[in-house]
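Here is a short briefing to read with the model open beside you. It starts with one working term, then goes through the fold, two helix pairs and a few individual residues.

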Amino acid sequence: TTEAHELLHSKAAFIGMNLPAHTAERFRWLLWARKTQLLIFQGEFAEAKRMTAAMPGSLDKSSIQPGTKGRVLLEMSRIQYADGDFVSAILHAKNAIMAFQESHNRSGTAEAHSIIALAKLAQGNLVEAIDYLQISSDLVSSRRQSILFTHISSLQAVFLFLYGNYTRCGKIIDELLSAAEATGWIQHALWLHWLQSRIAFELGDYEGARALFQRTRCLARNCGNEMVLASCAAWSTRCITYTGHPVQAARLLAQYEPNPESLLFLGEAQFMAGELTQADQTLHKSLILWQQDKRQRPPVYSASLVHGFNLVEDIAFGNGDTGYSTGQMLAQGLRSAVATRLHEAASEDFAINLETMRKMVRSRAISQYDPQLPIYAYLYSQALEQQGEDNDDPNAIIGKAAKQLQERSTRIENPQQKIAFLRNNYWSQSLLQAAQASKMI
């Protein structure tokens with residue numbers, strides 16, 4: 001990317017060029033599009049947004065070719081998606097599709113469909129988003145070794161993970177991984193290995209998940225990716241908590257360099273170990289760090305993993321209608337549970353956490369597709385038991401979440417995986433047991 005930046009911003013390469021007016025205009029628009037694309041790829045969304053004020057002119061009045069116009073519209077839609085303006089992002093992406101179709105550009109058409117899919121997902125329309133992404137994949141299915149096909153297929157795997165079809169998600173990963181590694185798409189290979197590890201975790205195979213996170217960690221070490229390395233270490237150790245050894249996990253997590261994710265999992269381990277005062281302090285620190293993380297929409301274009309949620313749940317739910325990322329929501333929920341067990345339900349922090357959980361459980365975008373929903377609902381219901389009659393009925397919350405969980409399991413094609421999801425996943429099991437105890441299922 002450094003070389004690309006130098007080339008795109010170099011004036012020396014163009015000295016002495018005497019281009020016809022229409023060619024010069026096309027060149028200016030194309031250069032603008034590629035500079036903007038590079039900024040977005042690098043995660044420089046604020047600078048990319050400023051590029052809209054430095055456009056070469058009025059796109060409607062320009063005489064540039066459809067292919068170039070499509071590229072400009074596509075980058076505009078990317079900026080709007082990153083800025084959270086999903087309506088405008090979809091509008092510009094659809095206009096880009098028409099321009100690309102006029103110039104018979106299948107790759108550009110596929111890219112534009114993928115932006116619509118991401119925007120639809122962020123709006124809460126997961127099923128519609130999956131359909132748009134399938135169109136995108138079909139358009140480039142003849143270029144299976146390309147980075148574009150790999151990227152679109154990786155997004156498909158994520159969307160299916162969110163939908164709950166872990167079987168189909170795993171098959172796509174298996175089909176993609178060897179090609180991604182062979183062709184040198186290392187960031188995507190990391191992403192896919194990561195998602196494979198997450199599938200095992202969701203199915204309650206915590207020993208298997210730990211082994212997979214360790215394998216991903218080795219790959220991250222080999223390619224020098226420090227962020228993925230740290231996240232893999234945290235998730236691998238989190239698996240120890242879920243195999244019934246939270247004290248051991250907490251001891252290991254306490255040795256890691258503090259970051260919002262490692263502190264979240266440390267607080268979770270302390271909570272499960274009954275170390276409630278320490279858990280409260282740790283989760284408070286985690287929340288502060290999550291709140292300081294002011295990234296915009298996750299950097300899906302460059303497949304850059306930052307933590308374990310940013311290229312999975314946070315593509316759909318991060319900074320949604322609650323304004324919180326997945327990691328922050330988990331920390332809020334766990335801290336509410338800690339306060340409940342410490343009998344501090346009258347505290348100001350508890351009231352704030354409870355209100356946050358209420359917003360998430362009742363109105364958060366596409367909450368029925370959020371893999372973390374069983375945790376949120378269970379913790380929220382536990383906290384509600386300490387409140388008065390003016391609040392939500394904890395049994396109703398448990399019952400609704402249990403039915404959503406059972407519905408999610410129907411989207412798992414493999415019968416063994418379906419059983420594992422309901423019986424072996426710690427939070428699925430806890431939620432269903434609570435629902436049965438309250439006679440809600």
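Two residues are in contact here when they have heavy atoms within 4.5 Å of each other. By that criterion, and not counting residues up to four places away in sequence, A233 touches R217 and Y256. Please keep in mind that this is a predicted model.

**The chain as a whole**

- The secondary structure of the protein chain comes to 22 helices and zero strands.
- The chain has 441 residues, and buried residues make up 55% of them.
- Among the contacts with a separation of 6 or more, 63% are between residues 24 or more positions apart.

**Helices α5 and α6**

- Helix α5 spans residues 86-102 and helix α6 spans residues 106-123; their axes come within 9 Å and cross at roughly 160°.
- Angles over 145 degrees count as roughly antiparallel, so α5 is roughly antiparallel to α6.
- The crossing of α5 past α6 is left-handed.
- On the α5 side, the contact is made by F86, V87, I90, A93, K94, A96, I97, F100 and Q101.
- On the α6 side, the contributors are G108, T109, A112, H113, I115, I116, A119, K120, A122 and Q123.
- Sorted by character, the residues of this contact of α5 with α6 are twelve nonpolar, five polar and two charged.

**Helices α21 and α22, and the loop between them**

- The axes of α21 and α22 come within 6 Å and cross at roughly 65°.
- Because an angle of 65 to 115 degrees counts as roughly perpendicular, α21 and α22 are described as roughly perpendicular to each other.
- From α21, the residues F421, L422 and R423 meet S428, Q429 and L432 of α22.
- That contact of α21 with α22 divides into three nonpolar residues, two polar and one charged.
- N425 is found in the loop between these helices, with α21 covering 415-423 and α22 covering 426-437.
- Is N425 buried or exposed? N425 has a relative accessible area of 7%, so N425 is buried, the cut-off for that label being under 20%.
- A polar atom of the N425 side chain lies 3.0 Å from the backbone nitrogen of S428, and S428 is also one of the α22 residues that meet α21.
- Leaving out residues up to four places away in sequence, N425 touches F201, E202, L203, G204, Y206 and A420.

**L283 in helix α15**

- L283 sits in helix α15, which is made of residues 276-292.
- With 0% relative accessibility, L283 counts as buried.
- Which residues does L283 contact, leaving aside its neighbours within four places in sequence? They are L264, G267, E268, A331, L334, R335 and V338.
- One of these partners, V338, is 55 residues away from L283 in sequence, yet the two are 9.5 Å apart in space, C-alpha to C-alpha.

**A233 in helix α12**

- A233, which we met at the start, has its place in helix α12, residues 226-242.
- A233 counts as buried because its relative accessibility is 6%, and the limit for buried is under 20%.
- How far apart are A233 and S262 in sequence and in space? A233 and S262 are separated by 29 residues in sequence and by 8.6 Å from C-alpha to C-alpha.

Terms used. Residues are numbered from 1 along each chain as its sequence is written. This is a predicted model: local features need pLDDT of at least 70, side-chain atom pairs count only at pLDDT 80 or more; totals for chains, interfaces and linings use all residues. Side-chain values use heavy atoms; hydrogens and water are left out. Helices (H or I, at least four residues) and strands (E, at least two) are DSSP runs, numbered from the N terminus. Buried means under 20% relative accessible area, exposed over 50%, partly exposed in between (1.4 Å probe, protein chains only). A polar contact is a pair of N or O atoms within 3.5 Å; within protein, one must be able to donate a hydrogen and the other to accept it, and residues adjacent in sequence count only if both atoms are side-chain atoms. Axes are lines fitted to C-alpha atoms, for helices over the stretch in contact, and angles run from 0 to 180 degrees between N-to-C directions. Angles under 35 degrees count as roughly parallel, over 145 as roughly antiparallel, 65 to 115 as roughly perpendicular and the rest as oblique. A crossing is left-handed if the near helix is turned anticlockwise from the far one by less than a right angle, and right-handed if clockwise. Ala, Val, Leu, Ile, Met, Phe, Trp, Tyr, Cys and Pro count as nonpolar, Asp, Glu, Lys and Arg as charged, and the others, Gly among them, as polar.
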